[in-house]
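Here is a short tour for a reader who is new to this structure. Keep the sequence and the 3D view open while reading.

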Amino acid sequence: MQTVSALRIAARRDTWGKLIKEKRLNSGLSQGKLATILGYSTSQFVSNWERGLASPPPKAIPALTASLKLQRSDLESVITEMNKKVLDIELVHFLGPVVD
């Protein structure tokens with residue numbers, strides 16, 4: 001069974017990571033180029049977001065949105081989906097699996 005931490009990483013990867021990677025590739029940007037546009041000195045930041053190891057910090061969201069031509073609805077969907085997945089993980093962790 002996966003740890004709660006591993007499940008949180010998977011939730012970020014399947015939401016933020018998937019969106020960022022898809023939009024970055026569609027824009028023809030490498031991880032390094034996107035990192036440079038966002039003011040980071042290494043592509044590791046973008047790699048970590050795409051792999052779910054971290055979420056973009058709030059200060060990066062405006063530039064990320066502009067660089068990848070994200071719509072407000074993209075952000076709303078990904079944030080809602082990620083929060084729902086993390087909430088589900090936490091509830092199962094603290095309360096146990098839901099039994100219908």
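The report below goes from the overall layout to helices, charged pairs, aromatic rings, surface and loops.

## Overall layout

This is a predicted model. The protein has 5 helices and 0 strands. Read along the sequence, the pattern is α-α-α-α-α. The C-alpha trace spans about 45 × 25 × 25 Å along its principal axes. The protein has 100 residues, and buried ones make up 34% of them.

## Helix H1

Start with helix H1, which covers residues 4-26. At 1.5 Å a residue, its 23 residues should span 33 Å. The end C-alpha atoms of H1 are 32 Å apart, which agrees with that expectation. H1 still has a bend: about 35°, at Gly17.

Which residues of H1 are buried? They are Val4, Ala10, Ala11, Arg12, Thr15, Trp16, Gly17, Leu19, Ile20 and Arg24. Gly17, the site of the bend, is thus on the buried list. Two arginines, Arg12 and Arg24, are on that list as well.

## Salt bridges

Side chains of opposite charge can pair when their charged atoms come close. In this model the count comes to 6 salt bridges. Among them are the three in this table.

| Pair | N to O distance |
|---|---|
| Arg8 and Glu90 | 2.4 Å |
| Arg24 and Glu50 | 2.5 Å |
| Lys85 and Glu81 | 3.5 Å |

Take Arg8 and Glu90, whose side chains meet in a salt bridge. Arg8 lies in helix H1 and Glu90 in helix H5 (residues 72-95), so this pair ties together parts that are 82 residues apart in sequence. Arg8 counts as partly exposed because its relative accessibility is 29%. Glu90 has a relative accessible area of 19%. The cut-off for buried is under 20%, so Glu90 counts as buried.

Next come Arg24 and Glu50, which also meet in a salt bridge. This pair links distant parts of the chain: Arg24 is in helix H1, Glu50 is in helix H3, and 26 residues separate them. Both Arg24 and Glu50 are buried.

The pair Lys85 and Glu81 sits within one helix, H5. What separates Lys85 from Glu81 along helix H5? The two are 4 residues apart, so about one helical turn lies between them. An α-helix has 3.6 residues a turn, so residues three or four places apart point the same way. Both ends of this bridge are partly exposed: Lys85 has a relative accessible area of 29%, and Glu81 has one of 38%.

## Aromatic rings

The count of aromatic pairs comes to 2. Tyr40 and Trp49 form an aromatic pair, with 5.8 Å centre to centre. Is this pair stacked or edge-to-face? The planes are 80° apart. Edge-to-face needs an angle over 60 degrees, so the pair of Tyr40 and Trp49 is edge-to-face. Tyr40 is buried, and Trp49 is buried too. Phe45 joins these two residues in one aromatic cluster.

## A nonpolar patch on the surface

Now look at the surface. Leu87, Leu91, Phe94 and Leu95 make a nonpolar surface patch of about 460 Å². Phe94 lies in helix H5. Is Phe94 buried or exposed? Phe94 counts as exposed because its relative accessibility is 63%. The cut-off for exposed is over 50%.

## Two lysines in loops

Lys59 is in the loop between helix H3 (44-50) and helix H4 (61-68). Lys59 counts as exposed, at 70% relative accessibility. Where does Lys59 stand relative to Leu38? The two are 21 residues apart in sequence, and their C-alpha atoms are 9.8 Å apart in space.

Lys69 is in the loop between H4 and H5. Its relative accessibility is 63%, so Lys69 counts as exposed. The backbone deserves a look here. Most residues other than glycine have a negative phi. Lys69 has a positive phi of about 55°, although it is not a glycine.

## In brief

The predicted protein has 5 helices. Salt bridges link H1 to H5 through Arg8 and Glu90, and H1 to H3 through Arg24 and Glu50. Tyr40, Phe45 and Trp49 form one aromatic cluster. Leu87, Leu91, Phe94 and Leu95 make a nonpolar patch on the surface.

Methods: Residues are numbered from 1 along each chain as its sequence is written. Side-chain values use heavy atoms; hydrogens and water are left out. Rings of Phe, Tyr and Trp (its six-membered ring) pair if their centres lie within 6.5 Å; planes under 30 degrees apart count as stacked, over 60 as edge-to-face and the rest as tilted. Buried means under 20% relative accessible area, exposed over 50%, partly exposed in between (1.4 Å probe, protein chains only). A salt bridge is a side-chain nitrogen of Lys or Arg within 4 Å of a carboxyl oxygen of Asp or Glu. Patches are made of residues with over 30% relative accessible area and no salt bridge: like charges are joined within 9 Å, nonpolar side chains (Val, Leu, Ile, Met, Phe, Trp, Tyr) within 5 Å. Accessible areas come from the Shrake-Rupley method with a 1.4 Å probe; for residues, only the protein chains shown count as cover. The expected span of a helix is 1.5 Å times one less than its number of residues. The bend at a residue is the angle between axes fitted to the seven residues ending there and the seven starting there.
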